[in-house]
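Open your viewer, load the model, and keep the selection box handy. We will go stop by stop.

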Amino acid sequence: MKHLKTLLFVGAILSGFFLFAAFPAQSVFSSKAVLAQRVLPSEEAALFGDAGDLLDSEPKLYIISDAAAFLEEESEAGHKLIDQAYLEANGIYPLQLQTVLFTLGQIKLGSGITLMLMLTGLWLVRRKGPPLASAKAA
Amino acid sequence: MKLTNAIAAAALLTLAVGATAAEQTYNIGGGKKSQQIATVESATDFETFIGRTDSLKGSLKFDPVTHKASGNISLEVKSIKTGIELRDEHMRSPMWLDAEKHKTIDFKTTKIKHVKGNSYKVTGKFTLHGVTKSITVDATIKHLAESAKTKGAGFKGDVLQVKSTFKIKMSDYGVKIPDMAAAKVSDTVKIAITAYGQSGK
């Protein structure tokens with residue numbers, strides 16, 4: 001019973017940690033995200049006055065820490081452009097904020113459910129504890 | 001005298017227009033690989049990912065004066081890359097696009113209508129996963145006459161840039177997204193094509 005209590009307690013602490021850590025993590029990633037479109041620069045596109053061939057149909061929020069991945073030119077709508085050739089040459093995966101938020105959402109949901117289960121388990125164990133102890137004493 | 005000059009000018013103008021109005025055939029896929037690009041964009045809550053290929057082939061007939069056009073474009077399914085090898089393998093597998101059985105994705109125009117400027121409405125037969133459907137898409141077609149710049153970019157003859165973006169439902173073409181992948185791959189995907197054709201060989 002003592003081991004179960006410890007296990008439930010540790011589980012509750014860990015799930016609580018993940019649940020509450022997910023909130024600041026979301027803020028940190030959101031603050032790093034940049035609205036941009038990936039583009040593949042090419043001589044051919046330049047012939048027709050384009051910075052390159054757009055890969056994203058619409059701008060997306062990307063988390064890319066390497067400033068060199070961004071082109072000086074902007075899209076017609078004024079959004080930043082990410083050099084896809086640079087990403088590929090440097091092995092940078094174009095991480096999207098929506099992926100991070102989706103994953104953090106899953107972590108919040110999972111750890112929230114786990115926390116509830118652990119706390120319920122602890123409550124049940126504590127509730128059952130005294131009668132067992134008193135029975136032993138008798 | 002003035003009338004004679006006007007007739008002569010009109011005749012010259014007609015000749016000049018006639019000289020540039022000739023319909024030409026533009027080959028796609030004959031030049032540098034980077035001259036072509038097609039993307040397939042799948043958007044879900046989890047991620048928006050892009051499959052990309054530069055393996056476009058085909059030919060277009062285009063007249064920059066009369067705006068008459070027709071043609072066909074195809075791409076190899078196995079050449080589409082998403083940036084993650086495992087995802088590419090899944091995409092090529094019989095469960096999805098079945099690249100061994102249905103090797104290409106094709107588009108053949110049946111009607112091209114000039115809207116304004118470089119804008120066109122293109123109707124054609126789109127074939128994916130062995131299923132052919134008639135679709136109408138918006139496209140831009142830009143023409144550049146042969147010059148030092150076009151030659152510098154590796155083109156031979158006049159150059160044509162064709163761009164189009166349109167959406168299709170994968171289920172309309174017999175591609176069923178497995179339930180386990182439904183959160184990561186959307187049934188509706190956006191296809192974008194930028195193709196460059198050259199009139200020279």
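The tour below starts with one whole chain, moves inside it, and then crosses to its partner.

**Before you click**

This is a predicted model, in which local features need pLDDT of at least 70 and side-chain atom pairs count only at pLDDT 80 or more, while totals for chains, interfaces and linings use all residues. Residues are numbered from 1 along each chain as its sequence is written, chains are lettered from A and ligands numbered from 1 in the order in which they are written, and side-chain values use heavy atoms, with hydrogens and water left out.

**Stop 1: chain B as a whole**

Select chain B and show it as a cartoon. You should find three helices and ten strands; here helices (H or I, at least four residues) and strands (E, at least two) are DSSP runs, numbered from the N terminus. Followed along the sequence, the elements read α-β-β-β-β-β-α-β-β-β-α-β-β. Of the 201 residues in chain B, 45% are buried, where buried means under 20% relative accessible area, exposed over 50% and partly exposed in between (1.4 Å probe, protein chains only). Contact means heavy atoms within 4.5 Å. Among the contacts in chain B with a separation of 6 or more, 57% are between residues 24 or more positions apart.

**Stop 2: the nonpolar core**

Now select B:Leu56, B:Phe126, B:Leu128, B:Phe166, B:Ile168 and B:Ile193 and show their side chains. Within the largest nonpolar core, which has 36 residues, these touch the most other members. Such a core is a set of buried Ala, Val, Leu, Ile, Met, Phe, Trp, Tyr and Cys residues joined through side-chain atoms within 4.5 Å. The strands of chain B that each supply at least two residues of this core include β1 (24-28), β4 (56-62) and β10 (188-198).

Zoom in on B:Leu128. Leaving out neighbours within four places in sequence, B:Leu128 contacts B:Leu97, B:Ile105, B:Ile168, B:Met170 and B:Tyr173.

Next, pick B:Ile135 in strand β8 of chain B. B:Ile135 has a relative accessible area of 14%, so it counts as buried. Not counting residues up to four places away in sequence, its contacts include B:Phe107, B:Val122, B:Phe126 and B:Phe166. For a distance check, the C-alpha atoms of B:Ile135 and B:Lys167 are separated by 9.9 Å, with their positions 32 residues apart along the chain.

**Stop 3: two unusual backbone angles**

Most residues other than glycine have a negative phi. Select B:Asp98, in the loop between α2 (85-92) and β6 of chain B: its phi is positive, about 50°, although it is not a glycine. Then go to B:His129, in the loop between β7 and β8 of chain B, where phi is positive at about 60°. Are these residues buried or exposed? B:Asp98 is buried at 14% relative accessible area, and B:His129 is buried at 17%.

**Stop 4: where chain B meets chain A**

Show both chains. Here 30 residues of chain B contact 22 residues of chain A. The two chains bury about 2,200 Å² between them, 53% of it on carbon and sulfur atoms; buried area is the accessible area (1.4 Å probe) that two parts lose on being put together, summed over both. On the chain B side, select B:Phe46, B:Thr48 and B:Arg52, which lose the most area to chain A, together 24% of what that side buries.

**Stop 5: salt bridges**

A salt bridge is a side-chain nitrogen of Lys or Arg within 4 Å of a carboxyl oxygen of Asp or Glu. The structure holds nine over all chains, and four are between chain B and chain A. Select A:Asp50 and B:Lys163, whose closest N and O atoms are 3.0 Å apart. A:Asp50 sits in the loop between α2 (43-47) and β2 (53-54) of chain A and B:Lys163 in strand β9 of chain B, so this pair joins two chains. A:Asp50 is buried at 15% relative accessibility, whereas B:Lys163 is partly exposed at 26%.

Inside chain B, try B:Lys121 and B:Asp138, which meet at 2.5 Å, N to O. This pair links distant parts of the chain, with B:Lys121 in strand β7, B:Asp138 in strand β8, and their positions 17 residues apart. Finally, select A:Arg38, A:Asp56, A:Lys60 and B:Glu41, which are joined into one network by salt bridges that share partners.
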